[in-house]
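Colleague: Could you take me through one part of this model in detail, at the level of individual residues? I would like to know what surrounds it and which charged pairs are found in the structure.

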Amino acid sequence: MTAAKPLFKDQDRQFEGPGDLARGELVFAAGDCASCHATPGQPDRLRLGGGMALASPFGTFRPPNISSDAVDGIGAWTVTDLANALISGVSPKRDHYYPTFPYTSFTSMTPDDVKDLYAYLKTLPKVSGRAPPHDPALLFGIRRSVGIWKLLFFRQRSTAARLDRDIVHDRGAYLVETLSHCAECHSTRNAFGAIKPDTRFAGGIDPQGTGFVPNITQDRMRGWTENDIATMLKTGETPNHGRVGSSMADVVTNTAMLPDSDRQAIARYIKGLRPIATPRP
């Protein structure tokens, strides 16, 4: 019951054919991939050697090399290997990934987006060298224990997105809930590190314990218009003439690369979030 089980087999027909590089670049930006996987200490966000230390109450985790290097990166992966990582949280060696990798959100990615992302990643520079190993807390040092966590908190191919048949809103639902995985930071977590459903988007302690991520429901965002949100996602500027900071500044670097229509879609979905009071830190 706790074994790592990949959802897709090689040669899965959902992933046949070439991916679209231009669309893959947008998936890469929307997924905020460079913010975690770029090699620290150098300016090129497309050098995906990994290694940045991510502190958490469950230990220190380091995103791996996802460059096109065949030995140290994912250059030898198939598209179904990438699909299983993103959607199942399972490595090509059939190990569980720790949920610091947000497959809990990515799990509802479309096959086309996985295929396009795969095609784009293959074009990026090869980076040699592997990231340092994770340093998990004692309980999580046994990778198989993640299988128990998944049984309790992970539902493959599920999504919390609320759809209302408005094309713009529903595109925003996919971006916010899946590709951009906004709830992973903007929510409070329980003692096991899973998002508490009743605090989704209502803010929470920064995953690295360095502050408090703000509430983005209408409890705190009711004074923002859709255009205010879309502008912030492009420029980092807030309606009160401030600027976003910390990890959100990195997010804006990526959302600024999206088309205006996607930023507007994200804004519409966020404006539709029901108000939830900010939980106590």
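Modeller: What follows looks at one helix and what covers it, and then turns to the salt bridges.

The model is a predicted one, and the part I would look at closely is helix α3, which spans residues 79-88. Ten of the ten residues of this helix are buried, so α3 is largely enclosed by the rest of the structure. Going along the helix, the buried residues are V79, T80, D81, L82, A83, N84, A85, L86, I87 and S88. An α-helix has 3.6 residues a turn, so residues three or four places apart point the same way. In α3, burial is found at each position from V79 to S88. As for what provides the cover, the elements over the buried residues of α3 include α4 (103-106), α5 (111-121) and α6 (145-153). After the helix comes G89, a residue with a positive phi, near 70°.

One of the covering elements, α5, leads on to the charged pairs, of which there are twelve that count as salt bridges. R23 forms a salt bridge with D116, and the closest N and O atoms of this pair are 2.1 Å apart. The pair links distant parts of the chain, since R23 belongs to helix α1 (residues 21-30) and D116 to helix α5, with their positions 93 residues apart in the numbering. R23 has a relative accessible area of 37% and is therefore partly exposed, whereas D116, with a relative accessible area of 3%, is buried. R23 and D116 are also joined with D113 in a network of salt bridges.

Two further pairs can be set beside this one. R189 forms a salt bridge with E184, where the closest N and O atoms are 2.8 Å apart; R189 counts as partly exposed because its relative accessibility is 30%, while E184, at 8% relative accessibility, counts as buried. E237 forms a salt bridge with R243, and here the closest N and O atoms are 3.9 Å apart, where the cut-off for a salt bridge is 4 Å. In that pair E237 is partly exposed, with a relative accessible area of 41%, and R243 is exposed, with a relative accessible area of 57%.

To return to the helix, then, the picture is of α3 as a fully buried run of ten residues, with α5 among the elements that cover it, and of D116 in that same α5 paired with R23 of α1.

Definitions and conventions:
Residues numbered from 1 in each chain as written. Predicted model: local features only at pLDDT ≥ 70, side-chain atom pairs only at ≥ 80, totals over all residues. Heavy atoms only, no water. Buried < 20%, exposed > 50% of the residue type's maximum accessible area, 1.4 Å probe, protein only. Helix = DSSP H or I, 4+ residues; strand = E, 2+ residues; numbered from the N terminus. Contact = heavy atoms within 4.5 Å. Salt bridge = Lys/Arg side-chain N within 4 Å of Asp/Glu carboxyl O.
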